[in-house]
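Dear colleague,

I am handing over the structure below, together with some notes on what turned up in it. Please read them alongside the coordinates and tell me where you would like to go further.

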Amino acid sequence: MAKITMEHGSGGAATAELIEGLFKDRFGNEYLDKMEDSSVVPGYDRLSVTTDSFVVRPLFYDGGDIGRLSVCGTVNDLLMSGGVPRYLTAGFVLEEGLDTGLLEKVVDSMAETAKEAGVCVVAGDTKVVESSGGEGGLIINTAGVGFVDDGISVGARFIQPGDAVILSGNLGDHHAAIMKYRLNIKNDLIKSDNAPLNRMVRGLVEGGIRVHALRDVTRGGLGTVLNEFAKDSGSDIVLEENSIPVSPVVRDFSALLGLDIMYMGNEGKMVCAVAPEDRDRALQIIRDSEYGENAALIGEVRETMEKPLLIMKTAIGGKRAVPPLFGEGLPRIC
Ligand code: MG
C-alpha cells in the first residue's frame, strides 16, 4: 500500500496530488475550493476561537479515531462558550512511512464528523517529517471559530451559589477505551464517547435555560474541571457520589486498575452549572438530546466557608475534598 514520503511535503507535484486527491475531495466547500492562501468567510459580531492539537495513540479505537476526535475536541470547546461552531482549520503533521490508506480513513472520519457538527474546514496545511522509526505517525491540529449571539455570557466566573450542577452522561468512557488498547485488554463493551455536543448545547441555549458555565470533561476529568469551577467562581461545588453516572463496565474496569473515575477523561461529555429554577428543564433537555441520555444532576454550588473547594458527599455518608489532578495522568489520550 502507498506510503507518505518526504516528497509529499515538498510543496511540489506530490504535495498537490495529496491535497487535490485526498484532502480537497473530502473537505471541499465553497471557501476551501478556491485554494487561495487564506479563505475569506462570512463573519459575525462576536466570535469564539479555539485551537487544539491531537496526538492520541492508538489512531483508531472503539468509538472513534484521531480524525473524529480532532473535530469533536475543537467543536466542543467552541460550544462551551455558548456559541455555534462554524469554521475549522486542519493542520496535519505526517510522519514519513504513514500509510496513505490509513490517512484517507482518518480524513473521511473528520469530514463525516464535521458534517455532523455543522462546521466546514476552510483552511488546511500538511507537513511531512522524517520517520522516528515507528510505523508512521500522525498529529492533527484543528482551530475553530464559532458565532456567539449577543447576550450570551457563559463562563465559570458566572457560577453562583444555588446553581445546579449537571453532568451530560457516563464518566470515563474515552479514558477506559484508550487504556484497554495500551494494556491489551479485550473488552468490546468499553468504547470511547467521542461526540460533538451541538444538540444539547443548542437545546439549552434555545430553551432559554440560564446557563452560567459549560465545560467539556476531557483530560484531567471531572475532578479537575469542577475544581476550576470552584476556584474561578469562589464557591464550593458539592457533589453526591451516588448520583455520578458511570457505566457498569467502566466502573469495574477502573476499580480493577485502581483508577479514580473523577480523573478519567471523556471526549463527549460536558458539565454545566445552571440557575436552580431551570434545573429540571435543563436536565430534561440534555437527556432528550443525542449523546445525553444518561445525564444526571450530580450536585450544587454552595457558598464557600473559607477557600473554594470541590466536596464529595460519599456513598456511605462521609464528606471529602476532591483535589484537582496532580501529576501526569494517562499520556496521549487526546
Ligand atoms: Mg474544553
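Two strands are taken to pair if DSSP finds at least two bridges between them, and the strand order that follows rests on that criterion. Please keep in mind throughout that this is a predicted model.

With that in place, seven strands form an open sheet with mixed pairing, in the order 8-10-7-11-9-12-13. Strand 8 (211-216) and strand 13 (319-321) stand at its edges, and because each has a single partner strand, one side of each is left without a neighbour in the sheet. Direction ignored, neighbouring strands here are turned by 25° against each other on average. At the strand 13 edge, the pairing with strand 12 (residues 310-313) is antiparallel and runs over three bridges, and K319 in strand 13 is the bridge partner of K313. Towards the other edge, helix 5 (residues 198-206) lies across strand 8 and strand 10 (270-274), running at about 10° to strand 10.

Strand 8 also takes part in the metal site. The magnesium ion has D77 (OD) and D216 (OD) as its protein donors, which lie 2.1 to 2.2 Å from it. These two residues link distant parts of the chain, since D77 belongs to helix 2 (residues 66-79) and D216 to strand 8, 139 residues apart. Their surroundings can be stated as well: D77 counts as partly exposed at 30% relative accessibility, whereas D216, at 7%, counts as buried.

A search of the whole structure for aromatic pairs finds five. One of them, Y44 with F147, is stacked, at 4.7 Å centre to centre and with 5° between the planes. Y44 lies in the loop between helix 1 and strand 1 (47-54) and F147 in strand 6 (residues 138-147), so this pair ties together parts that are 103 residues apart in sequence. Y44 is partly exposed, with a relative accessible area of 40%, while F147 is buried at 8%. F147 also forms an edge-to-face pair with Y87, at 5.9 Å centre to centre and with 75° between the planes; Y87 lies in strand 4 (residues 84-95), so here the parts tied together are 60 residues apart in sequence. Ring pairs link Y31, Y44, Y87 and F147 into a cluster.

Finally, T15 is placed in helix 1 (residues 13-27) and is buried, because its relative accessible area of 10% falls under the 20% cut-off. Its side chain reaches the backbone nitrogen of S10 at 3.4 Å.

With best regards

Notes
Residues are numbered from 1 along each chain as its sequence is written. This is a predicted model: local features need pLDDT of at least 70, side-chain atom pairs count only at pLDDT 80 or more; totals for chains, interfaces and linings use all residues. Side-chain values use heavy atoms; hydrogens and water are left out. Helices (H or I, at least four residues) and strands (E, at least two) are DSSP runs, numbered from the N terminus. Axes are lines fitted to C-alpha atoms, for helices over the stretch in contact, and angles run from 0 to 180 degrees between N-to-C directions. Contact means heavy atoms within 4.5 Å. Buried means under 20% relative accessible area, exposed over 50%, partly exposed in between (1.4 Å probe, protein chains only). A polar contact is a pair of N or O atoms within 3.5 Å; within protein, one must be able to donate a hydrogen and the other to accept it, and residues adjacent in sequence count only if both atoms are side-chain atoms. Donors are N, O and S atoms within 2.8 Å of the metal (3.2 Å for Na, K and Ca); water is not among the atoms, so sites may look incomplete. Rings of Phe, Tyr and Trp (its six-membered ring) pair if their centres lie within 6.5 Å; planes under 30 degrees apart count as stacked, over 60 as edge-to-face and the rest as tilted.
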